[in-house]
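Q: I would like to go through this structure with you, one topic at a time. Could we start with the strands and then move on?

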Amino acid sequence: YYNFYFIVDIYSIKSVSFLYNNINITNYRHYNIFYFNYDNIPKDTQFRMTHVGVENNQNTITNMGSMGPVFYSTYNEKKRLFQIEFYIEENTNSGPYGFVLNFIGSNLFSSYLDTQLIIKNTKMDLQGPIFKTITKITSPKIDENNISGVIGWIMTIEDPINGFKSGYVTVRGSEDSSVFNYTFTVNDVKAGGNQYSGDYEVKLIISNPCIPQVYTITEVTLFDRLDRISYFSISPPNEYTSLINPFLYFLNDSNINKISVDCTPIYCTNPPDLFSFSASTKQLEVGGLNREISFTFTAYDLQCGIRTDQYPIVYLITTMNQVLECKSNITQVVVNPPVNDEPVYGNVVDYSCTIQVPFGFGYPGGIFISVYGFINNVGLFSGLSAYEMTPKDFDYYISTTFNENNPNLVTYYRITERGGDLWLFGSGFGATSTAFITFDDGSKSVVQASISNSTVIKLLNVKATFKPYKLYIKTNSLQSNIMTIEPTIFNIVDVPDPTETPPLTNKPQYCIGSPVCGGPSNGKCVENQGCVCFSPWIGNDCSSQIIIIDPPTANKTDPTTNITLPGTNNNNSTVTYKSLITLVSIREVNILGDMVYEKPFEKWTVKQLDDTTFIYNTTLEITKKDKKSTTTNVKVTLKWFTNETNVTFANEQLIMNPSSMKYTIEISDYSFDDSLSQLQLIMSALIQSNTTDDICSVREFGETTSGDNSNYVKIQIDNHSLYGRFIRRGFIDSTIRSVTNILLDKYMKPISGTKELQSYIGIQIPYYRESIILDPDFSVLIDSNSASSKSGSICSNKSKLSGPKIAGIVIGCVAFVAIILVIITYHFIKKRSEEKFISSVNKKAREMKEL
């Protein structure tokens, strides 16, 4: 569907960038976006990106040869750039990420680009699982007295980084070529083991009659969770073999894969023979939906008997030497009855097998049939080719037809959980095609194909979903097969352009205080912003003043700031005020705000840079239920500012007041449950006093008025307070993004007393992949207005009523007295009026009487 009317020099690529330039792939797959541009190229042009790395060349025998997954481009209208969404598997090699960009046969290697994607952190694991220990299971001699025994191996499979996923082991008999295939997954691990280290069993039952022979493990393939393999074969299919042998620890033991069995043999002269063989059809439409063939057949050996632990294979062969294997199942075994109480080992065995042949298989030359793998109990084996089946009148050939008009879905191109365009590939599609989709939640969608030709269909705007869904195609009134689409979960969030700063402004605020903004010497009123204070005044009403103190002593165990300062009480005696700032924990919350996981901070290491700067580091082990443990690194830099200093963080100009402490907190990657979760960094602020006076405390939380687009928390005891500022931006994956600061006091049960007050603040960070940097700071203030004068204050029972409470009582009393006076006045006036009215009526009555 391309229009090849233009010539492209693929080396003229422009505007190259990645969503993430430096990534950490330790223990998880990392998703990314590659942005680039070309001049004068149509938007529907499609480029291919293919990863090239040492892990891709690990083992060609499992089709993991030269190239990795292929990713295709789309055009981003908003950014006006081509983009390719791709992923890098966890625990691959570090350094520059290598890939090839391909367009119309031209290849551009990533090493030629000006911008490189760097893998900076990884636990490189390119090898597959290996056998750590192997224990053999042997059996005594098998004869008429000891008619059966068990042999095999118990193997400890180890893969400490990626973890074991699945594998298979093939065992062969040296004399009769018997084959035993064992397939197992991590779910088959014996009790006490797990995906990183566990025991698995390979066992064979040997029964009389049998022949003496050696059973050998001839082939092993073990896969880890990323499909990196270890491989062993006595007869490898080609010269390219795995660099990692699962028997790596046993290379000096050439017999570790061999077990000998001693039997008392019986003697036979003839191998098993085929009695009947038939196919379910003699003609197959290989372009249709149902391409299934079934075979039934019977073999016999009336002298020594057929081994019932071996399963013959029906081979389907085309004229192009394509071969399919249909492994049989045993449906019935008839054993010869004993003669004169002597054992007879002969039997008759019925088999069947069914196979769905690939689309177009055997067309136009047809399919030839043969069957092999009959083995009797003394090691004689047999089978029949298609040529040998002909004179026995067995079904040996199936003719094929192909109707090109039958729509058939074969595969599809990767689609993410965010939905979008879906490419389908197959055959028999018409010029117009319609897709009928049924989603996991039961909802349905009908989508008209935007592109439809005989082999390709493109569907636009398929609904976003994390769950697999089913679809089929109707074209030319014909219905295709049903295909299951499994979205690839990329978990790429909509990150703003790194050059854009999120527009953050505090909501309009009013100027407060009495006098307003503390008076002209303390601050000024700015419309819609509130009070803007003059140094050293601070606060929403400019009534608090920075206290100049000496730098606090650094804590040697954790990034806690403990500031102690003297004060005076009502008796002019010395009291002490202490403030404490602590990092409490990180916790993950889901989209509903419910906590998913919490990890407290524990052990830290500390390093002093200078007299005012200290760096603390810790590594948190994140262990969630049913998940592998991961680690998150946290680095906290504490810097004390002696003088007023202008600093910039996240494109925001900040004034650091003298005697204030800045916390710069860096957190590495965190293993989220899903991309809708958020991470909370929880901090605690505490202030206390040893005064003996009856005093009050009060806490505040809100938005600053100084134009720095921050939240603040202020906890005050009497006329001293601890003030924390939390900027509403952070560096998230090297991009400036919004963060939310929330007060957690109603959830965390802080200390709430008149002489000791605490608050918890959560800095809530959206989903990220690599790292975050946050930058709160703290100061100690002295307040013009005591805590008792503020609404919501906490006071002791003995303490005097707070100002607002006293004012309320006074207002209430005045109102009550006024009401009483009004009632008395009203009563007095009413009584005088009534007396005057009665006198007037009496006078009028006397005058009328005199008349």
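Q: Which residue stands opposite Asn617 in β47?
A: Lys635 of β47 stands opposite Asn617. Please note that this is a predicted model.

Q: How many bridges join β46 to β47, and in which sense do the strands run?
A: Ten bridges join β46, residues 613-622, to β47, residues 630-641. The two strands run antiparallel.

Q: What is the bridge partner of Lys635 in β50?
A: Glu666 is the partner of Lys635 in β50. Strand β50 covers residues 660-667 and is joined to β47 by eight bridges, again with the strands antiparallel. Lys635 thus stands opposite Asn617 and is also bridged to Glu666.

Q: On to another sheet. In what order do the strands of the open sheet with β19 and β21 come?
A: The order is β19-β21-β25-β24, four strands with antiparallel pairing.

Q: Which strands are at the edges there?
A: The edge strands are β19 and β24, the latter at residues 329-335, and each of them pairs on one side only. On average, neighbouring strands in this sheet are turned by 15 degrees against each other, with direction ignored.

Q: How many bridges are there between β19 and β21?
A: Six bridges, in the antiparallel sense. One bridge pair consists of Leu274 and Ala299, with Ala299 in β21.

Q: Disulfides next. What does the count come to?
A: The count comes to seven disulfides. Three can be described here, beginning with the link of Cys326 and Cys353, whose sulfur atoms are 2.3 Å apart.

Q: Where do Cys326 and Cys353 lie?
A: Cys326 lies in β23, residues 323-327, and Cys353 in β25, residues 347-356, so the disulfide ties together parts of the chain that are 27 residues apart in sequence. Strand β25 also belongs to the open sheet discussed above.

Q: Why is that disulfide called right-handed?
A: The disulfide of Cys326 and Cys353 is right-handed because the torsion about its S-S bond is about 130 degrees.

Q: Are those two cysteines buried or exposed?
A: Cys326 is buried at 2% relative accessibility, and Cys353 is buried at 4%.

Q: What about Cys210, which cysteine is it joined to?
A: Cys210 is joined to Cys263, with an S to S distance of 1.9 Å. The pair links distant parts of the chain, 53 residues apart: Cys210 is in the loop between β15 (197-207) and β16 (213-224), and Cys263 is in the loop between β18 (258-261) and β19 (273-279).

Q: And which hand does that link have?
A: The link of Cys210 and Cys263 is left-handed, with -105 degrees about the S-S bond. Cys210 counts as buried at 7% relative accessibility, as does Cys263 at 3%.

Q: Which cysteine forms a disulfide with Cys268?
A: Cys304 does, and the sulfur atoms of the pair are 1.0 Å apart in the model. Cys268 is in the loop between β18 and β19, while Cys304 is in the loop between β21 (292-301) and β22 (313-318), 36 residues away. The link of Cys268 and Cys304 is right-handed, with 75 degrees about the S-S bond.

Q: Back to the β15-β16 loop. Which peptide bond involving Pro209 is cis?
A: The bond from Asn208 to Pro209 is cis, with omega near 5 degrees. Pro209 lies in the loop between β15 and β16, the loop that also holds Cys210.

Q: Which bond at Pro515 is cis?
A: The bond from Ser514 to Pro515 is cis, also with omega near 5 degrees. Pro515 is placed in the loop between β37 (483-485) and β38 (523-526).

Q: What is the phi of Asn91?
A: Asn91 has a positive phi of about 60 degrees, although it is not a glycine. Asn91 is found in the loop between β6 (81-88) and β7 (95-96) and is buried, with a relative accessible area of 0%.

Q: Is Asn321 buried or exposed?
A: Asn321 is exposed, at 65% relative accessible area. Asn321 has a positive phi of about 65 degrees and lies in the loop between β22 and β23.

Q: Last topic: how many cavities of 30 Å³ or more does a search of the whole structure find?
A: The search finds one. The largest cavity holds about 40 Å³ of space, and its lining includes Phe726, Arg729, Asn741 and Asp775.

Definitions and conventions:
Residues are numbered from 1 along each chain as its sequence is written. This is a predicted model: local features need pLDDT of at least 70, side-chain atom pairs count only at pLDDT 80 or more; totals for chains, interfaces and linings use all residues. Side-chain values use heavy atoms; hydrogens and water are left out. A disulfide is a pair of cysteine sulfur atoms within 2.5 Å. Buried means under 20% relative accessible area, exposed over 50%, partly exposed in between (1.4 Å probe, protein chains only). Two strands pair if DSSP finds at least two bridges between them. Axes are lines fitted to C-alpha atoms, for helices over the stretch in contact, and angles run from 0 to 180 degrees between N-to-C directions. On a 1 Å grid over the protein atoms alone, a cavity is a set of points where a 1.4 Å probe fits but cannot get out, and a pocket is an open set with protein on both sides within 12 Å along at least five of seven lines; lining residues have an atom within 4 Å of a point. Grid points are joined across faces, edges and corners, and a volume is the space filled by probe spheres set on the points.
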